[in-house]
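These are my notebook entries on the aromatic rings of one structure. I set down what I looked up, in the order in which I looked.

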Amino acid sequence: MLAKVEIYTKDWCPYCVRAKRLLADSGVDVVEYAIDRGGEKRGEMIDRSGGRTTVPQIFIGGRHIGGCDDLMDLHASGKLAGLLAA
């Protein structure tokens, strides 16, 4: 069973699209929180990510891994599969 993956996104964000595509290509179902209009989920994202306000913000198994570039780095280094399997 794969770890739960959560991603906070905005519709217009190309980095969000790129991150979601990588996760989908890896066979991962994600729980997506759209924060286009701010609100409670945006505040939750900022709290969980240690103050980050940019999107996407990605969490694997409840652990904050960062944004799109961080996800791509994990994938390129081969570490993403291990996190997903945890």
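Over the ring of which residue does the charged end of K41 sit? I worked on a predicted model, and there I found the charged end of K41 over the ring of Y33, 4.2 Å from the ring's centre.

Entry on the pairs. I searched the whole structure for aromatic pairs and obtained two. In one of them, the ring centres of Y8 and Y33 are 4.8 Å apart and the planes stand at 40°; I recorded the pair as tilted because an angle between 30 and 60 degrees is neither stacked nor edge-to-face. I then looked up where the partners lie: Y8 belongs to strand 1 (residues 5-9) and Y33 to strand 2 (residues 30-34), so this pair ties together parts 25 residues apart in sequence.

Entry on burial. I read a relative accessible area of 0% for Y8, which is buried. For Y33 I read 14%, and Y33 is therefore also buried, the limit being under 20%.

Entry on F59. I noted that Y8 also forms an aromatic pair with F59, with 5.8 Å from centre to centre and 75° between the planes, which is edge-to-face. F59 lies in strand 3 (residues 57-60) and Y8 in strand 1, so the pair ties together parts that are 51 residues apart in sequence. I found both Y8 and F59 buried. Over the face of F59 I located R48, at 4.0 Å from the ring centre.

Closing entry. I recorded Y8, Y33 and F59 as one aromatic cluster.

Terms used
Residues are numbered from 1 along each chain as its sequence is written. This is a predicted model: local features need pLDDT of at least 70, side-chain atom pairs count only at pLDDT 80 or more; totals for chains, interfaces and linings use all residues. Side-chain values use heavy atoms; hydrogens and water are left out. Rings of Phe, Tyr and Trp (its six-membered ring) pair if their centres lie within 6.5 Å; planes under 30 degrees apart count as stacked, over 60 as edge-to-face and the rest as tilted. Helices (H or I, at least four residues) and strands (E, at least two) are DSSP runs, numbered from the N terminus. Buried means under 20% relative accessible area, exposed over 50%, partly exposed in between (1.4 Å probe, protein chains only). A charge sits over a ring if NZ of Lys or CZ of Arg is within 6 Å of the ring centre and within 35 degrees of the ring normal.
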